[in-house]
Amino acid sequence: IISLIFPQPFPAFENCRKYLLTVTYFYLADINECETIPDACKGEMKCFNHYGGYLCLPRSASVIPAPEPPITPTEPFNPCPLGYEPQGDSCVDVDECERDEHDCQPSQQCINTLGAFTCQCPEGYRKVGTECIDIDECRYRYCQHRCVNVPGSFSCQCEPGFQLAGNNRSCIDVNECDMGAPCSQKCYNTYGTFLCRCDQGYELGPDGFACNDIDECSYSSYLCQYQCVNEPGKFSCQCPEGYQLLGTRLCQDVNECETGEHQCTETQTCVNIHGRYQCVDTNRCQDPYVQVSENRCVCPVTKPACRDLPFSIVHRYMSITSERTVPSDIFQIQATSVSPGAYNTFRIRSGDENGDFYIRQINNISAMLVLARAVSGPREYTLDLEMVSVNPLLSYQGSYQSSSALRLSIYVGPYTF
C-alpha cells in the first residue's frame, strides 16, 4: 500500500487542496481449470484453459493461446483516466498499440481507441475472451459437395467426376469423354461419371474400359453349316471345296456341269454330284447290249446271250448327302410302257451286297427305292433295279416273262448338306 500527499492542488483536480492517494497492487496467478476440475468439459468437447477461465470447444477447434500477462512493475501515479496521460494541463489518449503496451496476441491486430484498445482476430477467426477461435465455415454449408475446414479458412472440394465452378463453391460435371476417358471404343458422358460401350461384335472387359472381341464361333456349332471363322468384331462362314455360300451361313453345291467348271470330253457326259462332278462315257452300253438312245441300251433277242438278261437297261445318276435320315425314299421307279394283262414286280438285281437299300412297290407300274441305313460319303453305289413283267395272255403254253433294268449310279456326298 502506497500513500502519496500533494501539497499543492493538481490542475486536474482543482477543488482538492490536499490529495491523499492510496494505490494497492495485486499479482494474480492464473488457475488451470482443465487440470484442477475433473471432467471440466463433457461429451466430445475439449477443455482449453485461458487466462482467468477456460473454454469447452469441439475437438476440431483451433485455438491460438494467449500468453499470460506479464508482471508489471510499479508505475508512477497517473492523475488521468485509464488510457490517458497528462500532457501539460490536459490528458491525452495513450496509443497502446504504438507503444506496444497491449496484451494482444502475436496473431491479433491491435487497434487503438480513445482511452483503450481492442485486439482484432485474423480473418477466419472469432474472439472468445482473449482467445481467437477458428470459425468452422463448413458448418454453414458454403460448399455444394465437400467442405474442408482449415485454420482461418476453408476450401471446397468436389466428388469424382466434378470440378469446381468459377465461384470456387459449386461443382459442375466433368465431360470425361472430352478429356481423354480410357474407353477403347465408345464413351458416353453421364452426370458425375462416364460409361464405356463397345461396337457390335465386342464385349466390355473386366476393367470397364477395354473392348474384347467376341468369339461367336465358340458359342455355338450351329452358326455355320460347315465352318465358322472368327474375325475382329464379327464372324464369317466358309464352305468346303465344291460348295458356295447360300446367304451367309448355308452351303450350296456348285453345279460344275452348268458353270462349265469341268474337264469332261466330248465323248463324256458331266454328272453333277455333291461337292464335285463325275465324267461318264456317253455310250455305256456293254456287249451284248447296243445303244439305241441316250442312256438306254437294248439287248437284241436275236443274240443268244440276251436270253437271261434284261431286255433293256436305262442309265440314271443321282447324289445324296451323308448321314441321311432313314428310312428315306430316294428314287421312284416308273414303268414307261405296260402290256395289257401284265403283272409287274420290282427288285434290286445287283449292287446292294450290304443291304443298304430295299424296294417298296407302290402299284403295278411303280416302286420306290428306299435307303434303309444311314451311309457316309464319299461313296458310290451302282444298283441294277429290275422290273419283271409276267403276262399270261401272250403265251398259250405258259406265262410270258420279260424284264427291264434301270442302272442307277448313287453318289454319296462327303457332308450332310
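Tutor: Two strands count as paired if DSSP finds at least two bridges between them. The model discussed here is predicted.

Student: What makes β29 and β32 a pair?

Tutor: β29 and β32 are joined in the antiparallel sense over 6 bridges. The requirement is at least two bridges, so the two strands qualify as paired. Serine 328 stands opposite leucine 371 in β32.

Student: Which sheet contains β29 and β32, and what makes β29 an edge strand?

Tutor: They belong to an open sheet of 3 strands, ordered β29-β32-β31 with antiparallel pairing. β29 and β31 (357-361) are the edge strands because each pairs on one side only. From one strand to the next, the twist averages 30 degrees.

Student: Why is serine 376 called partly exposed?

Tutor: The relative accessibility of serine 376 is 39%. Buried requires under 20% and exposed over 50%, so a value in between is classed as partly exposed. Serine 376 is located in the loop between β32 (366-371) and β33.

Student: How do you know that serine 376 touches residues distant in sequence, and which are they?

Tutor: A contact requires heavy atoms within 4.5 Å. Leaving aside residues up to four places away in sequence, serine 376 touches Ser322, Glu323 and Val412. Serine 376 and glycine 413 are 37 residues apart in sequence, and their C-alpha atoms are 7.6 Å apart.

Student: What makes up the lining of the second largest pocket?

Tutor: A lining residue has an atom within 4 Å of a pocket point, and 41 residues line this pocket. By class they are 20 nonpolar, 13 polar and 8 charged. β34 gives the most to the lining, with 7 residues.

Technical notes: Residues numbered from 1 in each chain as written. Predicted model: local features only at pLDDT ≥ 70, side-chain atom pairs only at ≥ 80, totals over all residues. Heavy atoms only, no water. 1 Å grid on protein atoms, 1.4 Å probe; cavity = no way out; pocket = protein on both sides within 12 Å on 5 of 7 lines; lining within 4 Å. Helix = DSSP H or I, 4+ residues; strand = E, 2+ residues; numbered from the N terminus. Nonpolar A, V, L, I, M, F, W, Y, C, P; charged D, E, K, R; others polar. Buried < 20%, exposed > 50% of the residue type's maximum accessible area, 1.4 Å probe, protein only. Axes fitted to C-alpha atoms, helices over the stretch in contact; angles between N-to-C directions.
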